[in-house]
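The following paragraphs are intended to be read alongside the sequence and the coordinates. Please keep both in view while the description proceeds.

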Amino acid sequence: MTCDAPWCGSHTRSWSATGDADLALVGIHRRGAVLAARLQPLVAELAEAGVPRGDLDISFYRDDLATRPAAPVVHASHLDFPIEGRTVVIVDDVLYTGRTVRAAIEALFAYGRPASVRLAVLADRGHRELPIRPDFVGKNLPTAPGERVNVHVEEIDDVDEVVIAPDRPSDMADVRNGLTSNKEWSTEAGRPPGGRPVT
């Protein structure tokens, strides 16, 4: 069986390659968790079986935690099912350096030892710093290092859109103050100016 939803491009493997009977989705807070919730009924229909879903906060697994001047904003993690023996698909919005996914894998293994781990991302923008590759990709977005990819979802941002925007001088100040991550604008920063929407 293959995934015909907009999430899945023709270059991705079929969902059946994950071992559908023991499949689970785990979203990375914040927008990855929203995307996992949207994917759950679609994947359950493809798998013709119930697919449990959880979400992870990776704040304390980040490799830059010790260098961040402000305390991280922490969201609750929810994995209310055993992960042993399952194929766990980690879901995130944007794949960039790979460091967020590395942290998510470490956080996941604190709950147990899955049979295998796969990765699904809405957008892959390249510029990897770690040897991490997605198994399922909504869209590959070639970007320059000086750009950022901002995913907005209706559940959090009141709009569904993906925008490529240039970095702003205030971004680094936001990062130093712990207000934003590589792919998420703080409330204080507002929405990016001059960005181009992705279709």
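A nonpolar core is a set of buried Ala, Val, Leu, Ile, Met, Phe, Trp, Tyr and Cys residues joined through side-chain atoms within 4.5 Å. In that definition, buried stands for under 20% relative accessible area, while exposed stands for over 50% and partly exposed for values in between, with a 1.4 Å probe and protein chains only. The model is predicted: local features need pLDDT of at least 70 and side-chain atom pairs count only at pLDDT 80 or more, whereas totals for chains, interfaces and linings use all residues. Residues are numbered from 1 along each chain as its sequence is written, and side-chain values use heavy atoms, with hydrogens and water left out.

The protein chain contains four helices and eight strands; these are DSSP runs, H or I of at least four residues for helices and E of at least two for strands, numbered from the N terminus. Read from the N terminus, the order of elements is β-α-β-β-α-β-β-β-α-β-α-β. The protein chain has 199 residues, of which 47% count as buried. Its accessible surface, computed by the Shrake-Rupley method with a 1.4 Å probe, is about 9800 Å², and 53% of this belongs to carbon and sulfur atoms. A contact requires heavy atoms within 4.5 Å; among contacts between residues at least 6 apart in sequence, 66% join residues at least 24 apart.

The interior can now be considered. The largest nonpolar core has 21 residues, and those with the most contacts inside it are Leu25, Val43, Val51, Val89, Val91 and Val149. Two or more residues come from each of β1 (23–28), α1 (31–47), β3 (87–95), β4 (116–124), β6 and β7. Of these elements, α1 gives the most, with six residues. A second, separate core of 20 residues includes Ile90, Val121, Ile132 and Val137.

Next comes a sheet. Strands of a sheet pair through backbone hydrogen bonds, either parallel or antiparallel. Here, two strands are taken to pair if DSSP finds at least two bridges between them. An open, antiparallel sheet is formed by three strands in the order β6-β7-β8. Its edge strands, each pairing on one side only, are β6 (147–152) and β8 (196–197). Six bridges join β6 to β7 (residues 161–166); Val151 has Val162 of β7 as its bridge partner, and His152 stands opposite Glu161. On the other side, two antiparallel bridges link β7 and β8, where Val163 is partnered by Pro197. Five of the six residues of β7 are buried.

Several backbone features deserve separate attention. Most residues other than glycine have a negative phi, and most peptide bonds are trans. His29 and Arg30 are joined by a cis peptide bond with omega of about 5°, and Arg30 is found in the loop between β1 and α1. Glu48, in the loop between α1 and β2 (53–56), has a positive phi near 55° and is exposed, with a relative accessible area of 75%. Asp158 lies in the loop between α3 (154–157) and β7; its phi is also positive, near 65°, and Asp158 is exposed at 68% relative accessible area.

One side-chain arrangement completes the account. The charged end of Arg125 sits over the ring of Tyr96, 3.9 Å from the ring centre; the criterion is that NZ of Lys or CZ of Arg be within 6 Å of the ring centre and within 35 degrees of the ring normal.
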